[in-house]
Structure formats: C-alpha cells, structure tokens
Amino acid sequence: MEDLTPIRRQYLDLKRQHPDAILFFRLGDFYETFDADAEIVARELDLVLTSRPVGKGQRVPLAGVPAHALEAYLARLVERGYRVAIAEQVGEPVNGLMPRRVVRVVTPGTALEPTLLEERAPSYLAAWVEEGEGIGLAYCEVSTGQFAATQWTGPEARREAEAEWLRLSPRECLYPVTPGEPATPPLPSAGEVACAFTPFPAHRFAPGAARTALLEHFRVTSLHAFGLEDQPLALRAAGAILQYLQETRPEALSLLVSIEMYSTARYMLLDPATRRNLELVESASGGGRRGSLLSVLDFTRTPMGGRLLRAWLSQPLRDRAAIEARLDQVEAFVEDPIARDRLAAHLRGFPDLERLAGRIGSGLASPRDLAALRRALTALPEIQALLRRMEGPHAGAVRPLADRLEPLPELLELLSRALVDDPPVTLSEGGVIRLGFSEELDRWRSLAREAQAWLAELEQRERERTGIRSLKVGYNKVFGYYIEVSKAAARSVPSDYIRKQTLVNAERFITPELKEYETQVLNAAARQAELEAELFRDLCRRIGEELPRLRAIAQALAHLDAVASLAEAAARHRYVRPELTEEDVLEIRGGRHPVVEQALAGRFVPNDVVLDAEGRILILTGPNMAGKSTLLRQVALIVLMAQVGSFVPADRARLRPVDRIFTRIGAHDELAAGRSTFMVEMNETAYILHQATSDSLVVLDEIGRGTSTYDGLAIAWAVAEHLHNHPKRRPKVLFATHYHELTALAAYLPRVRNAHMAVAEVEGGIVFLYQMRPGGADRSYGIHVAELAGLPRAVIRRARELLRRLERGEPAVQPKAPPAAPLPLFAEHPVVQALRNLDPDSLSPLEALHKLYELKGMVEGSSRAGSSAEAGPEGGWG
Ligand code: ADP
Ligand code: MG
C-alpha cells in the first residue's frame, strides 16, 4: 500500500465503500474506471482499455469516458443492469491531491433522469422477501412516486408471486442477504426481463427495521391506514425499499407520499407462459411491440397514458362493476368522436406530467420542465370544459375524471409571471426568470448590462483618445478584460495604461477604470446567476407543495388518454362492447383475432364460439394451417380485452368474467422460439390441471405433440377426460389438436363438443376456409398440406397410394418385398431425410437446382423399385 500513489489510495478507499458498483472516478475532464471495472466498462461501452501506473512498477487497467458525455454512457450501463457510483472532485486540493467523494449512485431501479428512462414503459424498483411459503413483494417507481406492496401465502404463493413479478418486470430487485452467506437471487435472472438483483442486508428486511422506516417516512404512528399492519411480508419488502432509497436516492423519497396495499386476487391471473403466448405487450417472436395486442389498441397520445394502457393489458380486472365502469368511459368516447379528437389534439405533445412532477419534487427539474408544466396547466381548463360538454348516454362516466382535472390557477399565474416564454435548457445559461418578477434581479441585470455597454464603447473611445487604430478590447479567463495594442504602437500608450501581458506581436494593458467596470460586470453577473437560481428553487419548492394535486391530475389525464385510446381502437377496428353476465356462458358471434385481422386487411374470416354449462369443452380439429391456433388465441384475447374494459373484435360477445386464462401451446409449436421442451409442456399442463377452476378459461393448443404419436395422443386424451370429469374444477376449455382421434371423446363425454376448421377440396388440392363448423374433421389432409408446402409430386403420389392402402387396412409393405428397412417409410423416406438435412440458406440457386434433380432422381428410383416400409400414422406429418 505504501508503494501506491496517493490518488490510487484515494481511489481504493472509495471503491471499498462501493464494492458492488462500477466506480466512475473524476479525473479532470474524464471519468476513469480501473481494474475489473475498467474491463467491464471497456467491453460494455466499446471503449479502449489502456493502463496507468499506480505506484512503483505497477500498472492497472484503465478505461474512461469524457465528462460531457456522462449521461449517455450511464444510460447504457444502467440499461444493462449495472450500478454506477460517481465520484466527483470536491473543494480545493489538499497537499496536491483533489478531495473526491461519491456524490451519486445510479442504479437501474432508481433512475429519475429522462435519459435513463424508457418513455412508454415503467421502471420499477422491487423488493422481494420470503419466509416459509410466504412471499412479500413491494415495488415503486421513483420517477412517478407510485409505491405498492402485496403478499402471498400458501402453496401457490411462489407461482403467483413470480407471475406478478413478471408482469412488473422490475429494472432492479432487492433481496435479503445475510453477511457471510452467499447472495443468491430469489428468482432466476435468466428470463426476458433484464433485472438487476441487488443484495440488501437481511436486517433491513426485518419486521422492526422495516416498520420503523415506514412509520418515519410517512410520519404516522400506525400503518393501519395503509392496510399494511396485517400484511407482514408486504410490510417488510416496502420497508426495505425505503431504506434502500435513503441510501441511494434520498431525493426520490419525497415523491413516495403514500403506499397502496393491493391483492393480485382482484385481477385476472395470467401466468408467464400465457402472457407470452397471448403476446399482450410484445410479440413472442421478435420481442418488439409490433404484432402485440398493445400495438393494435395503443392510440395513446402521452407517455403516461401509454404506460397505463400497458399496465391495464397485463392486469385485466375480475370485478364486473369495475369492468363496466371502464367500459362506460370507453363508450362515452366511442359515442362522441368529436370530443375524442379534441382530447387527442390536446394530449398530443402534452408533457409527461407524471414524471415531470416527479422531477420537480426531487429537485431535478430544468427550466424547460417548468415551462412544460405551465403549458400543461394552461391546457387543463380547456380539457376540463371539453369533457364536461360531452353528451351521449355515457358522458356521465367521464365526469369524475373531469372533476379531478382541477386547474391550479394560482400556480399557473405564478409560473406565467416568473418564467420567460421560452426558457433555456439549463439554469446556468441564465435568462430563466422573466423581467419584472424580481426587482433585485432586474437591478443586477441592468447593472450588468450598463457595464457591458460601457465596455463595448470603450474600444471606440480609446482608439480616438490614443489614435492607435489597432487597439482592441478583449477578455480572457486569466486576466479578465484588457486593452490590446500592437507591439509597434505599444510605445505610444497613455500613462494610465498598466502593462499586464506581452505576446509575440502585441502588448496587453489594463486601466483602473477598466478594472472597475470589469468588477461590476462580473459581480453583477455572479449575483444575477445566484439570485436567478434561488428564485428558481423557490419556484420549484412552491410547485412541490402541490405535488399530490399534480399527481392526481397526471393520473386522471393518463386514465383519460387510455380510455380514449381504447375508444379510438374500437371505432377504427369496428369493435363492440362486450356484455358481461352472471350466466355461466362464453358466447362470441363473429369473433376476430385483433392482431391477425389487421395483418390480413379485410380477408379475415370471423367465427362463432359458444361455451356454456352444456358444452364446456370444445375439441377443434383440422389440418395444419387451417386456423386453429388463431381461433383459440382470438377467444382468449376477446375475453381478456373485455376484462380490461376494452371493446372487442366481434359482432357480439357475452361472457361471465373469468378468474384466469391458462394457455398451453404444444412444445412443437413453440420450438421455433427455442423455449420449450416436452418437460416444460407437461409441467405447465400439470399446473393447469391443478389450478384451473370452473371460472377459468383454458386454451390447449396441440398438447402432447412433443413426444411420440401414441404417447402424445394418450396424454391429450387423458387430459381432456380429466378436465371434463373433475368434480369441482370444470373450466371452459378450447382444445385444438391434429389428432382427429380425439373427436371420439364427444361420444361418451356429455359436455364435450367437436368442431373443425372447414377445408374445401378443389381439383385434388385444398383451400382453407377458416370457418369453424360443428363436428370433427373427417380427415387430416396432411398430404394436401405437404403438397401445398411443395413436396415433390412423386412423393405426394406415393404417399397417397400408401394412405389408400393403410385406410383399406392393407399392410403398406408388400409381403414379397425384400425385408423391410428398419425405418418407417413415411417419416424416413430418403427424400424426406435428404430434405430435412438440407439447409436452403447455404445453397446457391444453381446448387439448389442440382439438388432438386437429385431428389427427383431419388424419388423416381425408389418408387420404381417399390421399396417401402411400414408407414407411421398420418398424424406424424402434423
Ligand atoms: P393452425 O393452428 O390450424 O395450424 P393457424 O391458426 O396457425 O393454423 O393459422 C394459419 C394461418 O392462417 C394464419 O397465419 C393466418 O394467416 C391464416 N388464418 C387463420 N385464421 C384465419 C381466419 N379466420 N381468416 C383468415 N385467415 C386466417
Ligand atoms: Mg396451430
């Protein structure tokens, strides 16, 4: 240690205080990182990794970023889940060493800066605590002040907690760690969510410490009002969040004015697989918004409305009254397209009031933020009036929202008086406060201006006085204002000129008078800046007092934006209002898939689906590509949309709200996404069989496909029987399968109905009609589909011949044929095998043509030879 340079020692000290964070160490115009940090930073930010001497013969890795670009680099690190501690230089050098202190720790879940936040997605900081079977979960969004907690107990706690955790997709999650024990995150971090797991001392999660933190923060003596007293696990998680913020982001605490205790039982439970399968907020394939349900419903005009709509889609309601209330609001805007347009016009370009209020409350607001707030407040009375003028039978449903948009005239008046029309980006640029707002400020301003004018005239005056035409007045940081004269003329300067600096070709002078005005200019400028900053802070403080009201306004606007967006979607896509009923029924007439119908632009074929007490299980058969999966998802989506409070893509929809939607998409169908294995499929199926209630909707698409045909068929069969026969758990079930053998179930299970996707045969080929009809599919049409897929004609011909033989009960293998090849022909014909081994992407067009000839040659060869083997059931073609 003695061999190290003082600065290295200082660095190591700071690093010891923040071992889990990347330390950004300010060195002049750069933030430098060292050692392992430097390696991470160089890799993640594509920076050059160099090294630096730190003592006798020692060098360590180094990577740095320029100070002016800090935010952009921070954003990238934080997005990838890193914590960053920023050490700044503070004060004056001591023994030649700048003192440094960590002034800020940036973590993924505590970001407030717009550059670090995604506009249309929430950014949650969560805390997770477990005890026995119970789990407590709390979360907050420091940029908006949202703060909530919940807990689960019982054997299903973990599953339900994980589902909720996934819905939230927090950016950062605290979990308890006991010193000396290894820190293991409570959830597998490998998932779609990039979450930074932050170990936090277990004693901070202890009931006592957590309670104290909550009591002190909310300045209360009991937590009854928040509903937390009898929710010990939720309380512990919430208390840990507060303690963590005290350490990392204390300025955010003032935003957390309340905490909501909630229960996920109020909402439809969607397990992670179902969220993914239904592609609610992002598509399963690319992960982007395109192709998601959100993408067809989102006409929101503000980021806060966008975030709320997204939250609604992942949290459908269960309570009929709550759903109807939202539907009424949507309908109010469906009825009144003019009001909808006007509201949209107001909201377009409307500031993100929710996060704006957050920045003001935490002292991070810029002058532009205040101007945005002024704009927002100016628009409020008009929006309110517009909402109150709405007519139509459901206009009343919007009234309470209008009432919450209570304008704040005093605040608006203050902002208008105080703030210039178009303030600069940063306070340090000056010119933020309007003329006439503060007499003192104006006085300093005019002093500064006068002195400035005097200086500007000086040059002219001195040229005349001295007769030196090259004379110039200049300014630099070291000497301040000076008079510059060329070397040649320097001899003839007046006697009151004091020489200050000699350059190659010129001399620089000052005069006592010049220095006096200089002091005035600089003093006035400094005073002006100080005063302006003070006035600005006052202004922010004053706004801060209205934070709860601003938050309420922001939430009302977000809500309006979201319901108007659903109305816009309903109008554009011709949706209808779903009818909620107590009757045990799910009836959809002329239903469409909301996303697929957009892609098909008018060519989508609507379908009716009815599930009720007599027919609860629908077995849907039909060949591949006939539209089975689409129909299944469409039913699930219509139910989900209805419970979100949205209109639905159908001519009519009548339903009783469901408690859960389960979906299980067969392993085979999901393989493309590289996620599933047969084991996972069976796990999830087991979960459904255990959890589905008579109020649930279960969607099973091709289960049992990930294993051999007979296994798969047997499993699918048994699952269907179980769902039918369970004495208490009798969910409504849609079961799509290419095993048309399953249609036999309807013959002995009274509540099972068969349906199939219609197919028309034309000239030996088939056309999909996408129409669901009663009864099972009579055939699988596997060979037709193979033909459509472009299998060589000879293969198709041979397959037809084999099928005919099998259907007649004849063996596919001729008795006189040579001993059968061990491989079943249908699955393993050499041509098929060759095709399977083919990688089209790696072939040139010419090679492809050659390959085609080769395949044809093989086919003709083999059919002539009549070589054959035992054929597998046709289902193998799926
Ligand atoms: P399956 O599950 O029976 O194999 P899919 O549901 O995957 O079939 O549908 C295959 C394709 O058929 C879809 O990608 C879509 O383009 C089209 N399709 C499905 N349903 C319809 C419909 N109702 N109207 C028009 N086209 C449809
Ligand atoms: Mg399918």
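In this predicted model, ring pairs link Tyr 11, Phe 25 and Phe 34 into a cluster, where rings of Phe, Tyr and Trp (its six-membered ring) are taken to pair if their centres lie within 6.5 Å, with planes under 30 degrees apart counted as stacked, over 60 as edge-to-face and the rest as tilted. A search of the whole structure finds 17 aromatic pairs. One of them joins Tyr 11 to Phe 25 in an edge-to-face arrangement, with 5.4 Å from centre to centre and 80° between the planes. This pair links distant parts of the chain, 14 residues apart, since Tyr 11 belongs to helix H1 (residues 6-17) and Phe 25 to strand S1 (residues 22-27); helices (H or I, at least four residues) and strands (E, at least two) are DSSP runs numbered from the N terminus. Tyr 11 is buried at a relative accessible area of 2%, and Phe 25 is buried at 1%, the term buried meaning under 20% relative accessible area, exposed over 50%, and partly exposed in between (1.4 Å probe, protein chains only).

The rings of Phe 662 and Tyr 687 also form an edge-to-face pair, because their centres are 5.8 Å apart and their planes stand at 70°. Phe 662 is part of strand S23 (residues 660-665) and Tyr 687 of helix H22 (residues 678-691), so that the pair ties together parts lying 25 residues apart in sequence. Phe 662 counts as buried at 1% relative accessibility, as does Tyr 687 at 6%. The ring of Tyr 687 has a further partner in Arg 159, which lies over its face at 3.7 Å from the ring centre; a charge is held to sit over a ring if NZ of Lys or CZ of Arg is within 6 Å of the ring centre and within 35 degrees of the ring normal. Elsewhere, the charged end of Arg 326 sits over the ring of Trp 312, at 3.8 Å from its centre.

Regarding the ligand site, 13 residues surround ligand 1, and the closest are Val 605, Met 625, Lys 628, Ser 629 and Thr 630, a residue being regarded as near a molecule or strand if one of its heavy atoms lies within 4 Å of it. By class, this shell holds seven nonpolar, four polar and two charged residues, where Ala, Val, Leu, Ile, Met, Phe, Trp, Tyr, Cys and Pro count as nonpolar, Asp, Glu, Lys and Arg as charged, and the others, Gly among them, as polar. Helix H20 (residues 628-644) contributes the largest share of the shell, three residues. A backbone N or O atom of Met 625 lies 2.6 Å from an oxygen atom of ligand 1, while polar backbone atoms of Ala 626 and Gly 627 are found at 3.2 Å and 3.0 Å, respectively, from an oxygen atom of the ligand. Of the 560 Å² of accessible area that ligand 1 has on its own, the protein covers 81%, with accessible areas taken from the Shrake-Rupley method with a 1.4 Å probe and, for residues, only the protein chains shown counting as cover.

Two residues that are not glycines have a positive phi: Asp 46, at about 55°, and Ser 169, at about 45°. Asp 46 is placed in the loop between helix H2 (35-45) and strand S3 (50-55), and counts as exposed at 65% relative accessibility. Ser 169 is placed in the loop between helix H4 (157-168) and strand S10 (172-177), and is partly exposed with a relative accessible area of 27%.

Thr 511, in the loop between strand S17 (506-510) and helix H17 (512-545), is buried with a relative accessible area of 6%. Its side chain reaches the backbone nitrogen of Leu 514 at 3.0 Å, a polar contact being a pair of N or O atoms within 3.5 Å, of which, within protein, one must be able to donate a hydrogen and the other to accept it, and residues adjacent in sequence count only if both atoms are side-chain atoms. Arg 652, in strand S22 (residues 652-655), is partly exposed at 34%, and lies 7.9 Å from Glu 587, C-alpha to C-alpha, although the two are 65 residues apart in sequence.

At the level of the whole chain, the protein has 28 helices and 27 strands, and buried residues make up 51% of its 878 residues. Its C-alpha trace spans about 130 × 70 × 60 Å along the principal axes.

Residues are numbered from 1 along each chain as its sequence is written, and chains are lettered from A and ligands numbered from 1 in the order in which they are written. Local features need pLDDT of at least 70 and side-chain atom pairs count only at pLDDT 80 or more, whereas totals for chains, interfaces and linings use all residues, and side-chain values use heavy atoms, with hydrogens and water left out.
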